[in-house]
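Please open the structure in your viewer, with the sequence alongside, and follow the selections below in order. Each stop names what to select and then describes what is there.

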Amino acid sequence: MPPPYLQIQSVTKKFDKTIALDDVSLEVQEGEFIFLLGPSGCGKTTLLRIIAGLEDASQGRILQAGQDVTRLPPSKRNFGIVFQSYALFPNLTVFQNIAYGLENRKEPKEKIKTRVNELLELVGLPEYGGRFPAQLSGGQQQRVALARALAISPGLLLLDEPLSALDARVRASLRIEIARLQKQLGITTVMVSHDQEEALTMADRVVVMEQGRVVQVGTPEEIYFQPATPFVADFVGLMNFIPGVAAAGGQNQVQVGDDALFIEQPIAQWAGQPVTLAIRPERVQVAQNGQAGNILRARVHEVEFMGPFYRLHLRIGQNDKMVAYMPPENTHNIEIRAGVELPVHLPPSHLRVYQSAAG
């Protein structure tokens, strides 16, 4: 593979006694779309600001295109940035906002005009150059902010939760547009978000952060289907967790109450210890007549009709809860109501196992 375009090497950031980032390392390939994903306070925005030079790292290095930019001011770094708040100049027209960086570089007027008109076309606002930000919707303002960031043809695009201030419909539309533009331009992009849906639908790779550390890096599919820790499993999508005990004697089984469940994941290292099983709601199946293996008895506690599927809230044993998604076409011969007992099948290939805190 070619050398990474962006390298984050052992970056630590301390605010007094608080550690915001703890020895974070990451490599980003040229043209890659990377998401920094995690809850508030996990350090993702701090990391983005360090990449941009808006914060200084306490330790570690940032390399961009092979150049050490750790101590360079933002003006000397080759990036464009888009904030959640748009940050447009209210007294300048859309055209003037986009042209701002080019004018600072003293580019020829004709070149600026051509470039701004190209970008207005690119973000779908070719007729809006003469308007002021106050005359635009939130989604249109964010498109202008994106065009302004792209105007100087930066090597790196940084997006700091650019969609979080928008309503759901506009946000869904704009994320498609941003992903399309990123692929069309081939620009290396790092985006901060706490929205897992944005990350899963837009990113080439997702970097999940927790308490200042990177806990998993992978494709959206890897993050969703093979979460490395219970935190990742719980943060990205909905996950059922079921306590059990790993079988002794090298068997790939977990005992849940009186039932033994087979597991494909190797678990010999936890033999005889408490473990936690995890499975996505869409992977839980209602057992068919005569089906054997990996079946638990569950009682329906609540039923919600969600349109494409029923969301079943189940109880297993006395205390354990489980959620299952069931398409309406799978319910024709099954009585679905609170109080009914259902045998549920948990496919071995879709069960993940984690060592319990008590293990």
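## Start at a hairpin

Select L63 in strand 4 and look across to strand 5, where its bridge partner is D68. Strand 4 and strand 5 (residues 67-68) run antiparallel and are joined by two bridges; strands here are DSSP runs of E with at least two residues, helices are runs of H or I with at least four residues, and both are numbered from the N terminus. Two strands count as paired if DSSP finds at least two bridges between them. In the hairpin that strand 4 and strand 5 make, two residues lie between the strands, and A65 takes a positive phi near 55 degrees.

Before going further, note that this is a predicted model, in which local features need pLDDT of at least 70 and side-chain atom pairs count only at pLDDT 80 or more, while totals for chains, interfaces and linings use all residues. Residues are numbered from 1 along each chain as its sequence is written, and side-chain values use heavy atoms, with hydrogens and water left out.

## From strand 4 to strand 1 and strand 2

Extend the selection to strand 4 (residues 59-64) and strand 1, which pair in the antiparallel sense over five bridges. Within this pairing, I8 has I62 of strand 4 as its bridge partner.

Next, add strand 2 (residues 18-28), which runs antiparallel to strand 1 (residues 6-15) and is joined to it by seven bridges. F15 has T18 in strand 2 as its bridge partner. Strand 1 and strand 2 form a hairpin with two residues between them, and D16 in the turn has a positive phi of about 55 degrees.

## Helix 1

Now select residues 44-52, which are helix 1: seven of the nine residues are buried, so this helix is largely enclosed by the rest of the structure. Buried means under 20% relative accessible area, against over 50% for exposed and partly exposed in between, computed with a 1.4 Å probe on protein chains only. The buried residues to highlight are K44, T46, L47, L48, I50, I51 and A52. Step just past the helix to G53, which takes a positive phi of about 85 degrees.

## T93, helix 2 and helix 3

Select T93, which is found in the loop between strand 6 (79-83) and helix 2. Is T93 buried or exposed? T93 is buried, with a relative accessible area of 13%. If residues up to four places away in sequence are not counted, T93 touches G129, G130, R131 and F132, where contact means heavy atoms within 4.5 Å.

Continue to helix 2 (residues 94-104) and helix 3 (residues 109-122), whose axes come within 10 Å and cross at roughly 125 degrees. The axes are lines fitted to C-alpha atoms, for helices over the stretch in contact, and angles run from 0 to 180 degrees between N-to-C directions. Helix 2 and helix 3 are therefore oblique to each other, given that angles under 35 degrees count as roughly parallel, over 145 as roughly antiparallel, 65 to 115 as roughly perpendicular and the rest as oblique. To display the contact, show V94, F95, I98, A99, L102 and E103 in helix 2, which meet I112, K113, R115, V116, N117, L119 and L120 in helix 3.

## Helix 4 and helix 5

For another helix pair, select helix 4 (residues 138-150) and helix 5 (residues 168-185), whose axes come within 11 Å and cross at roughly 20 degrees. Helix 4 and helix 5 are therefore roughly parallel to each other. On the helix 4 side, show G139, Q142, R143, L146 and L150, which meet V170, S173, L174, E177, I178, L181 and L185 in helix 5.

## The five-stranded sheet

Move on to an open sheet of five strands, in the order 13-12-11-14-20, with antiparallel pairing. Its edge strands are strand 13 (259-262) and strand 20 (352-355), each of which pairs on one side only. From one strand to the next the twist averages 45 degrees. Inside the sheet, strand 11 (residues 240-246) and strand 14 (residues 274-279) run antiparallel and are joined by six bridges, and P243 stands opposite T276 in strand 14.

## Zoom out

Finally, show the whole protein chain, whose secondary structure comes to eight helices and 20 strands. Its C-alpha trace spans about 75 × 45 × 40 Å along the principal axes, and buried residues make up 46% of the 359 residues.
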